[in-house]
Amino acid sequence: MSSESKEQHDLSPRDSAEGNDSYPSGIHLELQRESSTDFKQFETNDQCRPYHRILIERQERSDTNFKEFVIKKLQKNCQCSPAKAKNMILGFLPVLQWLPKYDLKKNILGDVMSGLIVGILLVPQSIAYSLLAGQEPVYGLYTSFFASIIYFLLGTSRHISVGIFGVLCLMIGETVDRELQKAGYDNAHSAPSLGMVSNGSTLLNHTSDRICDKSCYAIMVGSTVTFIAGVYQVAMGFFQVGFVSVYLSDALLSGFVTGASFTILTSQAKYLLGLNLPRSNGVGSFITTWIHVFRNIHKTNLCDLITSLLCLLVLLPTKELNEHFKSKLKAPIPVELVVVVAATLASHFGKLHENYNSSIAGHIPTGFMPPKVPEWNLIPSVAVDAIAISIIGFAITVSLSEMFAKKHGYTVKANQEMYAIGFCNIIPSFFHCFTTSAALAKTLVKESTGCHTQLSGVVTALVLLLVLLVIAPLFYSLQKSVLGVITIVNLRGALRKFRDLPKMWSISRMDTVIWFVTMLSSALLSTEIGLLVGVCFSMFCVILRTQKPKSSLLGLVKESEVFESVSAYKNLQTKPGIKIFRFVAPLYYINKECFKSALYKQTVNPILIKVAWKKAAKRKIKEKAVTPGGIQDEMSVQLSHDHLELHTIVIDCSAIQFLDTAGIHTLKEVRRDYEAIGIQVLLAQCNPSVRDSLTNGEYCKKEEENLLFYSVYEAMAFAEVSKNQKGICVPNGLSLSSD
């Protein structure tokens with residue numbers, strides 16, 4: 001006997017009436033303690049003895065006036081007190097809760113070490129990812145600095161590293177390039193003259209009276225997208241609509257990141273080869289970019305190509321060694337910083353830009369630019385782009401924070417994480433920054449180097465501040481090809497997902513198909529369309545699973561009250577004349593025909609039986625004697641139906657999560673069709689939602705309450721008793737006599 005059945009055996013009427021689940025009035029649940037021997041005790045001289053049942057009634061609810069309800073809620077939420085104000089402030093600024101309790105001796109060394117290492121890694125990556133976002137290098141440093149400070153104040157995860165993320169930089173860069181083309185900027189880095197640009201189109205400067213060059217307009221677009229994305233994220237946190245992220249499954253996110261990684265790799269190819277190519281946007285940009293690359297391959301800058309190959313030969317093996325010996329190394333080797341410093345020195349003293357026309361980073365100013373509000377006129381153009389960016393940003397941040405919190409045994413507040421990442425975008429957007437989120441690679445480094453609390457983010461911000469105030473101009477001669485190599489090498493993790501496909505296929509073929517569809521659409525179409533296609537296809541797969549679900553006939557496990565599929569397990573017992581059918585899906589308008597066809601196929605088809613009976617009746621009528629005058633004898637023609645061995649069908653509803661109107665109508669239709677041929681239909685193990693739907697849909701009349709059973713075993717036992725009492729009174733007045 002299952003544990004659930006044992007619990008039900010011990011139920012008393014008082015316990016059941018006071019239980020957590022409320023059942024609709026008018027539906028009686030039979031006690032599980034009525035064993036099979038109880039049913040066998042019914043003899044013909046005690047034919048109408050009723051079963052002992054429990055009437056579970058709903059608790060009475062007082063009718064609350066809607067106006068009073070709203071007023072009460074407003075009073076509760078709008079009431080202000082010192083304690084409530086304190087809790088609200090502490091909830092919004094988690095740093096005020098954990099910082100006063102900070103264990104200096106225990107945590108400071110690990111936080112400082114991890115903060116330093118992540119800061120060192122962030123310097124070259126921030127500069128490299130700025131190119132991916134279509135921005136000047138200094139803006140990537142701004143972004144990482146402000147994100148680290150703000151998340152330290154608002155975040156609840158102790159381990160995640162918030163800053164630049166390659167996929168978001170790619171999405172920002174695509175939006176920036178599109179808006180630059182619409183504004184009439186050419187691909188040169190020089191500022192166009194006010195009013196006319198090289199292609200003769202008119203450029204209107206809506207932002208200020210001074211000239212706004214390409215770099216200025218690019219960060220204007222980027223900061224505006226970032227501001228809108230942050231507003232979306234804060235709004236989702238306020239209205240608690242984080243459930244949107246559940247539509248982004250692990251397979252979908254993994255496929256999306258891998259597909260976007262191909263686009264990132266493609267966008268960096270021109271830097272590795274030293275080609276001056278326009279950035280392709282829109283659908284098919286992946287293919288278009290490679291067409292441009294191969295058409296201009298003869299223009300490759302040999303200096304940039306050799307530099308790229310040398311950097312790859314250094315970065316790839318060292319990264320692999322870092323990963324292979326991460327358990328033995330106290331901190332990963334900062335090979336990216338070493339490569340950046342060495343390449344900058346070689347470019348500066350070798351005068352690669354002057355002698356070989358190698359593309360370099362250029363002047364990186366020190367200090368901070370004055371804050372500036374986003375360009376409101378651009379909001380209508382970029383509002384749609386910001387939706388996908390905001391969803392990807394908060395989905396990755398929340399999933400990573402929950403993953404590492406579970407690993408280290410603490411809790412995070414998903415809603416607060418949405419606020420944190422939202423303000424990590426809103427506030428920096430006024431300081432010439434672009435969109436940020438958590439990043440897995442840097443988070444793993446942060447965790448492995450001894451991070452304990454969010455204080456490590458402050459140390460990271462100090463490293464970036466030092467670079468911004470002092471060191472940034474020293475990167476003037478750094479080749480862009482080096483930055484492109486750094487970006488590509490950091491895609492290794494996403495591209496390695498191909499190695500996991502055989503295992504994923506063995507676990508879930510549907511998830512593997514979702515991964516492939518999302519990956520291909522993200523790479524071949526565009527990142528935004530790829531995400532949309534992935535979400536839609538994932539939802540379609542869920543519908544497909546419920547449209548054609550599994551169904552089976554059940555048998556009884558020996559010496560138990562457990563029923564399993566007869567097609568999956570051996571040595572199961574079945575009762576003659578009783579079929580037990582299980583349908584593993586909700587029963588609603590999409591799969592109602594599948595339910596009927598599966599039920600009819602595995603039991604008997606009442607429609608075909610009725611047709612056969614009609615044909616037999618017609619044959620008998622033709623065989624009747626007719627008077628000489630041609631008038632048929634006026635005698636009642638008794639149509640004897642062929643005897644059916646099957647007399648009861650039990651539908652196991654334990655796997656049916658819900659019913660809709662079409663599902664209730666289907667159950668009524670099935671029951672009516674079977675009763676027309678003398679077969680009774682019993683429902684067992686309906687959950688409260690299904691029972692409510694059956695009651696509201698008037699599936700059962702009051703005298704038919706015993707058609708619903710709490711367990712399949714009880715329904716089967718009732719079917720046996722009702723077969724023995726066929727044609728006479730059975731408990732609760734249900735007549736099972738058939739013509």
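In the predicted model, Glu-179 and Arg-178 form a salt bridge in which the closest N and O atoms are 2.9 Å apart. The two partners differ in their surroundings: Glu-179 is buried, with a relative accessible area of 2%, whereas Arg-178 is partly exposed, with a relative accessible area of 26%. The pair belongs to a network of salt bridges that links Arg-178, Glu-179, Lys-182 and Asp-385. In total, the structure holds 11 salt bridges.

A further salt bridge joins the side chains of Lys-596 and Glu-669, with an N to O distance of 2.7 Å. This pair links distant parts of the chain, given that Lys-596 lies in helix 25 and Glu-669 in helix 27 (residues 661–675), 73 residues apart. Lys-596 has a relative accessibility of 12% and therefore counts as buried. Glu-669, at 21% relative accessibility, counts as partly exposed; the boundary for burial is 20% relative accessible area. Helix 27 also contains a salt bridge within its own length, between the side chains of Glu-675 and Arg-671. Here the N to O distance is 3.2 Å. Because Glu-675 and Arg-671 are four residues apart in helix 27, about one helical turn separates them. Arg-671 counts as buried at 8% relative accessibility, while Glu-675 counts as partly exposed at 42%.

Helix 25 (residues 592–602) also contains Leu-599. This leucine has a relative accessibility of 0% and so counts as buried. When residues up to four places away in sequence are not counted, Leu-599 touches Phe-581, Val-604, Ile-649, Ile-651, Val-670 and Tyr-674. A separation of 8.7 Å is found between the C-alpha atoms of Leu-599 and Ser-552, which are 47 residues apart along the chain.

Attention now turns to helix 12. Helix 12 spans residues 285–295, and its buried residues are Ser-285, Phe-286, Thr-289 and Val-293. These residues cover an arc of only 105° around the axis, which puts them on the same side of helix 12. On the face turned away from this buried side, helix 12 carries the exposed residues Phe-294 and Arg-295. The packing partners of the buried residues of helix 12 are helix 11 (250–273) and helix 23 (509–524).

Helix 12 and helix 23 also contribute to a feature of the surface. A nonpolar patch is formed there by Val-283, Ile-287, Ile-291, Phe-498, Phe-516, Leu-520, Leu-524, Leu-525 and Ile-529, which together have about 700 Å² of accessible area. Helix 12 and helix 23 are the elements that give two or more residues to the nonpolar patch. Helix 23 provides the largest share, with three residues. Leu-525, another member of the patch, is located in the loop between helix 23 and helix 24 (527–547). With a relative accessibility of 30%, Leu-525 counts as partly exposed.

The UniProt record, an unreviewed entry, places the feature "transmembrane region" at residues 108–129, 149–172, 216–239, 251–273, 378–398, 418–441, 453–476 and 513–544. Two of these spans illustrate how the annotation relates to the modelled backbone. Residues 108–129 are 100% helix and 0% strand, and the end C-alpha atoms of the span lie 30 Å apart. Over residues 418–441, by contrast, the chain is 46% helix and 8% strand, with the end C-alpha atoms 20 Å apart.

At the level of the whole chain, the model comprises 29 helices and 12 strands. Of its 739 residues, 49% count as buried. The accessible surface of the chain comes to about 37,600 Å², and 60% of this surface belongs to carbon and sulfur atoms. Among the contacts in the chain with a separation of 6 or more, 81% are accounted for by residues 24 or more positions apart.

Key: Residues numbered from 1 in each chain as written. Predicted model: local features only at pLDDT ≥ 70, side-chain atom pairs only at ≥ 80, totals over all residues. Heavy atoms only, no water. Buried < 20%, exposed > 50% of the residue type's maximum accessible area, 1.4 Å probe, protein only. Arc of directions from axis to C-beta. Contact = heavy atoms within 4.5 Å. UniProt positions renumbered as here; feature names shortened; annotations may be inferred. Patch = residues over 30% accessible without salt bridge, like charges linked within 9 Å, V, L, I, M, F, W, Y side chains within 5 Å. Areas by Shrake-Rupley, 256 points an atom, 1.4 Å probe, with all protein chains shown as cover. Salt bridge = Lys/Arg side-chain N within 4 Å of Asp/Glu carboxyl O.
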